[in-house]
Amino acid sequence: MFQKLLLSAENISASFSTRVLFQIDRLEIRAGDRIGLVGLNGSGKTTLLRLLCGKIAPEEGTIRFHCTPRYFSQRSDELSHCADPKELRNFGVGDFDDRDTVSGGENTRLRLAELFSESGSLFLLDEPTSHLDADGSAYLNYRLSRLDSFVLVSHDRDLLDRQCNTVMEIEAGKVKTYPGNYTDYCLQKEQAAKRASFEYEQYTEEKRRLTESYRAKKEQARRMERRPHGISASDAKDIALSSTRNPASKAKNMERSAANIKRRIEHMEIREKPRELDQIRPIFSLTDPPRNPIIMEAAALSFSYPNGKEIFKNTSFRLFRASRTVLLGENGAGKTTLIRLILEGERIRIVPRANIGYLRQDLSDLRSDSTVLESAMETSVQPPNIVRNVLARLLFTAQDIQKPISVLSGGERVRLAFARIFVSRANVLVLDEPTNYLDIPSIEAIQALLSCYEGTLLFTSHDRAFVRAIATDALMIRDGQLIPCELPAWEN
C-alpha cells in the first residue's frame, strides 16, 4: 500500500571540519516509517536529525518537507512552558512550579511532555531516554507506540526492538536502511558479514588459481622458445620446418593464452578482506585469581547515613567465584552504597587474593598527556599483543591507540578506562552503570568482552539487553535486604 511521503532528501552531504560525516544519494520517509537511527558516536546521527528537521541546511543537495517535523534535541535548556497538564503528570513533572531550577532528568521529562502535547506527522527524537527513570522510560515507550512515524536515536536496544520497523545506519560515511527492528538489523549485518567473508574466500581462491595458471603458461612458453639441449641451430631449424606447428608458433599461442588469463585477473571484481579480530583473550592466570568458592560475603550487614536514612538492615549476601551478578533495585535502594562499602572493605569480607577493579565514573585516573596505548599498558599484566587486541575489540583503531587522551571523546574515555581494568591484575570487576554515555557499538563491544570474562563480576545496569547477555546471577535490594533472585524475565 502506498504511504504518504513526509520528507525526501537527495544528494545530501554533511561534514565536520575537514571530515565528511556522511553522503546520502536519496532518502525518503513515509507515513508509517518508525526508524531507529544507529551509528558510532561522532558518525553524524544528531547532524542528520538537525538536517531532517530544518534546523541546519545541507552543504549540498535538497531536502523537501511535506510536513512539519517535531524535533526533540538531545541537549537543550529551552522550555516552552506550554505542556498539556496531563502529559506533565504522566511524565511525573506535573507539580513543578519553578521550571528554571530543574535537574537533568526533570528537564528531559518536561521537554518530552511539551513535545507530546502537540500532534505531528513526523517526530525526530535524539536520545529521549537520557536521564529517565524506569517510570519515565515506560511512559515514553507507551507514547512512542502511539506515534505513526518517527526517527529515533537511542542506545536502548530493547526500545529499538519494541518500537522500530526500520533501522537506518550511518557507517563509514554511508547511510543504509535495513527492514525490521534492531534484532533484525543485527541478523542482517551478521549475514552480510558471513556473505562478505565467503565471497572474499571465493575471490582469493579464484585469483590464486588464475595466477598459478598464468605463471604455468608463461613458463611453458619460455620452454617452447628455448633450443633443445644438445641440438645445433641448423638441426633445430630443420625440426621446426618439418613439424606441423613450429615451437615459435606454439610459444606465441601460449603467450596469448597467458595474456588472456592476466586480463581476467585484472578485470576481476576486487573483494576487500572483511575485518576480523584475533580470537585472543587475556591470560587470566596472570591476575593470580583466588580459588575460594566464595569471593566476598557479609553477614548481619547494616548501614545508615548520618541523616538517619537506613539502607541495609541486618542482611547478608555472598558473591561466588566466576559469577556475573547484576545488582537490582529501585533508584535510592542502595546499589551504589553497596558498591562503596565493598570498595571500603570494612563491613564486607573479601578473600585475600581478590583484586578488585572498579570503573570510576569520574575517570580521574586517566592522564591527559598519555596516549591510549600507553595508558592501557600502564596498568596491564598482559602481553602487549593482548592489550592491543582488547583495545581493537573496544573499537580503537591502529591510529586511535596513538592519540593522546586529551583529544578523546567522553565515550572513548569510558572505553579506555574499561580496557585499563580489563587487562590489569584485577580478578574481580565491580562496575556501576558501565554503559552510561556509550553508543550501541561501544556497549556491544564491552558486552562481548564481559560475556567470556573468567573472573567474578558485580555490576549495575539499566540496559536490559546488556543484563540478559552478561548476568548469570541476580541480587535484589528491597526494604533494606539483599535477596538472591532469578534474573528478570523482561520481554524482548
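# A guided tour of the model

Start by selecting Phe-91, Phe-116, Phe-123, Tyr-139 and Tyr-142, which together form one aromatic cluster. Rings of Phe, Tyr and Trp (its six-membered ring) count as a pair if their centres lie within 6.5 Å; planes under 30 degrees apart are called stacked, over 60 edge-to-face, and the rest tilted.

Before moving on, a word on what is on your screen: this is a predicted model, in which local features need pLDDT of at least 70 and side-chain atom pairs count only at pLDDT 80 or more, while totals for chains, interfaces and linings use all residues. Residues are numbered from 1 along each chain as its sequence is written, and side-chain values use heavy atoms, with hydrogens and water left out.

**The whole chain**

Zoom out and switch to a cartoon view. The chain has 14 helices and 18 strands; helices (H or I, at least four residues) and strands (E, at least two) are DSSP runs, numbered from the N terminus. Of the 492 residues, 44% are buried. Here buried means under 20% relative accessible area, exposed over 50%, and partly exposed in between (1.4 Å probe, protein chains only). Among contacts with a separation of 6 or more, 69% are between residues 24 or more positions apart, contact meaning heavy atoms within 4.5 Å.

**Strand E7 and its surroundings**

Select residues 150-153, which make up strand E7. Which way do the side chains point? Phe-150 and Leu-152 go one way and Val-151 and Val-153 the other, and all are buried. Next, add strand E3 (residues 34-38), which runs parallel to E7 and is joined to it by 3 bridges. Strand E6 (residues 123-126) also runs parallel to E7, with 4 bridges. Two strands are taken to pair if DSSP finds at least two bridges between them. Val-151 is worth labelling: it is the bridge partner of Ile-35 and also of Leu-124.

Step back to Ser-149, in the loop between helix H4 (134-145) and E7. Is Ser-149 buried or exposed? It is buried, with a relative accessible area of 0%. Its side chain makes a polar contact with that of Asp-148 (3.0 Å). Such a contact is a pair of N or O atoms within 3.5 Å; within protein, one must be able to donate a hydrogen and the other to accept it, and residues adjacent in sequence count only if both atoms are side-chain atoms. Leaving aside neighbours within four places in sequence, the contacts of Ser-149 include Leu-6, Arg-30, Asp-33 and Phe-123.

**Arg-222 on helix H6**

Now select helix H6 (residues 182-225), where Arg-222 has its place. Arg-222 is partly exposed, with a relative accessible area of 40%. Show its side chain together with that of Glu-219 to see a polar contact of 2.3 Å.

**The three-stranded sheet**

Move to the open sheet of 3 strands in the order E11-E10-E13, with antiparallel pairing. Strand E11 (310-320) and strand E13 (349-350) are its edge strands, each pairing on one side only. Strand E10 (residues 294-304) and E13 pair over 2 bridges, and Met-296 stands opposite Ile-350 in E13. Add helix H9 (residues 335-344), which packs on the sheet, touches E10, E11 and E13, and makes about 115° with the direction of E10. Axes are lines fitted to C-alpha atoms, for helices over the stretch in contact, and angles run from 0 to 180 degrees between N-to-C directions.

**The six-stranded sheet**

The next stop is an open sheet of 6 strands, E14-E15-E16-E12-E17-E18, with mixed pairing. Strand E14 (356-358) and strand E18 (481-485) each have a single partner strand, so one side of each has no neighbour in the sheet. Neighbouring strands here are turned by 20° against each other on average, direction ignored. E14 pairs in the parallel sense with strand E15 (residues 428-432) over 3 bridges, and Tyr-358 stands opposite Val-430 in E15. Helix H12 (residues 410-422) packs on the sheet, touching E14 and E15, at about 160° to the direction of E15.

**Back to the rings**

How many aromatic pairs does a search of the whole structure find? There are 12. To view one of them, select Phe-303 and Tyr-305: the centres are 5.0 Å apart and the planes at 85°, so the pair is edge-to-face. Phe-303 is buried, at 9% relative accessible area, whereas Tyr-305 is partly exposed, at 28%.
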